[in-house]
Amino acid sequence: MNGKGSLSATNLAGYHHYNCDLFIYNTYNGVEDPRTPLHHLVYESTSTTLDGAQFKRGLDWEAHLLSWLDEENLLLTVPSYPLKGEDLVENILADERNHFFVAGISFVPPQEHFDEIYRKAGLEPVGFGLAKPDLVEITRLEDGVMWKVIDAKASKAVKTSHHVQIYFYTLSLNYLLPHTFFRASNAAAVWLPPEDGFDTNPPSFDDLKTVDISLLSFPLDDFLFRRLPAILSLPRKDVFWHYNALCQGCPFSKDCQQKAVEQGEIGSMSNISIPEAKLLRNLLQIWQDTGVSHPRGETDIEDLALLLKDRKGMQRIGISYPVTLRKAKRILALPPRTRKATKATAASPILQAARTEKIQTIPRRNFTCPKTEDIAAVLSLLLDPSAPSGASSIVSFSVSTFTAVPLRGKIPRTVHGNRTDLIPSLAYIIDSILTLNCSLQKPPRTQFYVFSSAEHSALQTHFIDAALNSSYPTQDIRVCIGALSQGASLLQTTFQPILLSGVLLEFLIKGRRKKRDFQVILERMNPTESTEGTLEELKQRVKEQIQRLQNDDYRKAAQEQRQDELGQLPRIVVLKRQIEKSLALPIPGFWNLAECAAVLLSSSRLREAQCPSDEEIYTMFANGNSPSDLLEQRNKSIYAVLNNLRSRVSSANDFLLINEAKPLTSTFMDICREEHLRKLFYMQQFEILTRLSELWQSRIDGCPEAPILQYHSTQQGSKRLEHSFILLSGNLDMTASDKDRTFFDYLLVEDRDCDDFESDAHIPVEALFDDLAVSGLVFPLNRYTKSRWQSQNTIIQKELLLADIRDISVEGLRTKVTIQTWGDATFKFSEGCTYRISPRLIDFNISKILSALFELDVQHELENASVPYIQIIRNPKSFNQEIVSPTTRKILEKAAGDMQSLFRMLDGLDVEAAKPLVLKASQNRAARHILSNRLSVIWGPPGMNFCK
């Protein structure tokens, strides 16, 4: 079937979104099978309810933005038919405003100019269709008009596909608008919605993400005028394509899925990304280029199978291309090294699943999926893609609990509701389980589950939004965060003893205290403890609490509690990740829950095998009906899939699932009571938890993206030994200022090969590292802080070094990395050995900030007085009112003026010390403002002498 024969800016963006040559080829030239209809792009004409919801969000944001610009008298809407350059000029010049935005523009790109560029390059011209930029910003200058293209995008961040569109529009308008009077701004922008959602917040010019056109011109000119015509002129069989998760939403994905299976393409395997597919193809090419005759399979996956059987070929590749081979083994779920005692090569479960069309178990230890629990709480969230903010994307939910053994006590079996019911419902279930914990001699082991990462992310976002902005009961929020936010208990055991002991000591030092003061403090220490007694008795209890917090046994218990959580089960397990770690499914490209359940449960007659799809559930909601029954059925399918996963993995090897679920706890550091200070206290903790979660996720997976270094030599530096490495893979960077400071902000471990997935060496060392214990310490440690390092897991102390990058340089074709190390690790650097390096958490301020907030909170409650910091938050304007009378202000200003007169006179007499004290006009205005206001913010570029 004939293609469009032309490309729109949206088609160009689609190419970069799907990262697929075949997409742009089919759009332009047509599909291979003339019986297959050529659809428009999914975001131009959506085919599913979910796609329509995502498209609607974009339209809603654009309409909201245009409405706001119109209200601000900044909008000019032109006729929607295609305009010529002179028509657009006429519309712009007719508007007398100095600054405004033009909407509704559509124009035919300057095809003749583009054709000339192609002809000069000796390439076949590419046709382009109608261009429709969302906005063009107009700014009048003294000698003309400056314009800038802006596109409204309802995403969280700017993408390459967005840059392609705004660059193409800018390039076209450069030819259409006369240069004599109209000047391009040399920039373009993408206008994103407010982070907190455009339903409650107006658009902001701060969300205009501007990019310099010069940064886009080189790569995108190369794409438009070299690579694009080359792709479109290829024979269809030579066009690159790979069926993978990015193909979701592509109008040609069904055809590609079928071809991937029929032709045995790499895309017939599950979850192989485009970079991974290119690496595997590169590996096959290396194998064929070794100069040795090899048998060739009829398909890519057969070639891979033959390569894995070629032991000598694998050894040759391992010597010449060690990093490529290691990455390929990780992709194919192979052990890094084959046992020397056998000539047999381990089969790839990923590859075997595609070849045999049967489920394969990956013989890899799994630390993040429990092998058993007494109570499983499964949570399904319905997310609305059209929601104006991430916090409001949850529109419905269902929580189901499943028990492996009979339990005395009542736990809700299923709870449904909408977004506003989620926190109270979860708190109710958690409280029920915590009550059960107290009533039983052996508390039941409990684990929460969601299926997808999107659900997990939405849930954590909802917790943060609830803690900072909602009217939910504080206890409900505290319970949910404490039980379901990963790392919450780590913060509590790390910082609460420090904060409480510091504030309590300060409390005892400062003057005489009343009985009520001691009662307030004891309530903070332990809400369940009695605060009755005489003044002396209460004072003695406070002293005992301080001694307890400073006691070595207490600190040791806190350290052990942290170590129990490090490298262990997440509070909420994302089941899809666990399936990808432990099973290879015979599903090409990618899969969802419904497909997964159908494959895993196909041999059973369970109703759970018929899992409702996301499309079915959302369609039910979009039609105004309750999706509760479908969500509950989804929960049952998730639990059935979980048990099937365990059964398959355990039958293959009973030692692959390492951990068991633990009794549920709900510990969270919530010791501030003033509303605003409590929210700030939450925000600081959430920031740390987010950073820790990213590190933990990478570490538990073995730091797959960590740069790999090969040891070269050691030499004496100015203060310490410096070790030189060659960067084999990955990226490392350092700023010039880092050379003057020593943070030891990386973890360095041996990148050891292990014989098989059951080897203890396969346990990621970094997963046991306790960042919080040393995050605020200066290295090298001294005798006072060394004990904090000694509290780390013994494996950490023996097998891990802290590293500080001192220099990165290029020597020939190699990158040299110079590193200083600190630690007690017993391994010695050996030439040619490889090591992996990954970041750790460094934060010198968190304990100081939390302590300051807590002190302010205690001060506010004890003194019952207005704390200036709280006043700034509550009412900034009232805080900034004058603190002196007009008469006093005049006296101060006169004194300041007299001082300046004196300094100017001394400067005139060549008194050197007086010259720096003479203020400029702007500095003098700033000084007068400081004299009249409690709070002043002075800002400007560097070198403006603010401290003067």
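**Strand pairing, helix packing and backbone geometry**

Colleagues, I begin with one residue: Ser398 has a relative accessible area of 0% and is therefore buried. By that term I mean under 20% relative accessible area, with exposed meaning over 50% and partly exposed in between, using a 1.4 Å probe and protein chains only. The model is a predicted one, in which local features need pLDDT of at least 70 and side-chain atom pairs count only at pLDDT 80 or more, while totals for chains, interfaces and linings use all residues. Residues are numbered from 1 along each chain as its sequence is written, and side-chain values use heavy atoms, with hydrogens and water left out.

Ser398 belongs to strand E10. Helices (H or I, at least four residues) and strands (E, at least two) are DSSP runs, numbered from the N terminus. Not counting residues up to four places away in sequence, Ser398 touches Val378, Leu379, Ser380, Thr414, Val415, His416, Leu631, Glu632 and Asn635; contact here means heavy atoms within 4.5 Å.

How many of the 10 residues of E10 are buried? Nine are, so the strand is largely enclosed by the rest of the structure. Strand E9, residues 375-383, pairs with E10 in the antiparallel sense over nine bridges; two strands pair if DSSP finds at least two bridges between them. Within that pairing, Leu381 stands opposite Phe397 in E10.

E10, residues 394-403, is also joined to E11 by four bridges, and these two strands run antiparallel. Across from Thr414 in E11 stands Ser400, and across from Val415 stands Val399. Strand E11 itself, residues 414-417, has two faces: Val415 and Gly417 form the covered one, Thr414 and His416 the uncovered one.

I turn next to the barrel. Six strands close into it in the order E16-E17-E20-E19-E18-E21, with antiparallel pairing. From one strand to the next, the twist averages 50°. Within this barrel, E16 (residues 708-716) and E17 (residues 721-729) pair in the antiparallel sense over eight bridges, and Ile708 stands opposite Ser729 in E17.

Now to the helices. The axes of H2 (residues 21-29) and H7 (residues 213-232) come within 9 Å and cross at roughly 70°. Axes are lines fitted to C-alpha atoms, for helices over the stretch in contact, and angles run from 0 to 180 degrees between N-to-C directions. H2 and H7 are therefore roughly perpendicular to each other; angles under 35 degrees count as roughly parallel, over 145 as roughly antiparallel, 65 to 115 as roughly perpendicular and the rest as oblique. The crossing of H2 past H7 is right-handed, meaning that the near helix is turned clockwise from the far one by less than a right angle, whereas anticlockwise would be left-handed. On the H2 side, Asp21, Ile24, Tyr25, Tyr28 and Asn29 meet Leu228, Ile231 and Leu232 in H7. By class, this contact has six nonpolar, one polar and one charged residues. Ala, Val, Leu, Ile, Met, Phe, Trp, Tyr, Cys and Pro count as nonpolar, Asp, Glu, Lys and Arg as charged, and the others, Gly among them, as polar.

How do H11 and H12 stand to each other, and at what angle do they pack? H11 (residues 311-320) and H12 (residues 322-331) pack at an angle of about 120°, with their axes 5 Å apart. The two are therefore oblique to each other. H11 contributes Met314, Ile317, Gly318, Ile319 and Ser320 to the contact, and H12 contributes Pro322, Leu325 and Lys329. Those residues divide into five nonpolar, two polar and one charged.

I close with backbone geometry. Most residues other than glycine have a negative phi, and most peptide bonds are trans. Which bond is cis in this model? A cis peptide bond joins Phe779 and Pro780, with omega about 0°. Pro780 lies in the loop between H26 (771-774) and H27 (786-790).

Two asparagines have positive phi. For Asn19, phi is near 55°, and this residue lies in the loop between H1 (9-18) and H2. Is Asn19 buried or partly exposed? At 35% relative accessibility, Asn19 counts as partly exposed. For Asn186, phi is about 65°, and this residue lies in the loop between E5 (182-184) and E6 (187-191). Asn186 counts as exposed, at 55% relative accessibility.
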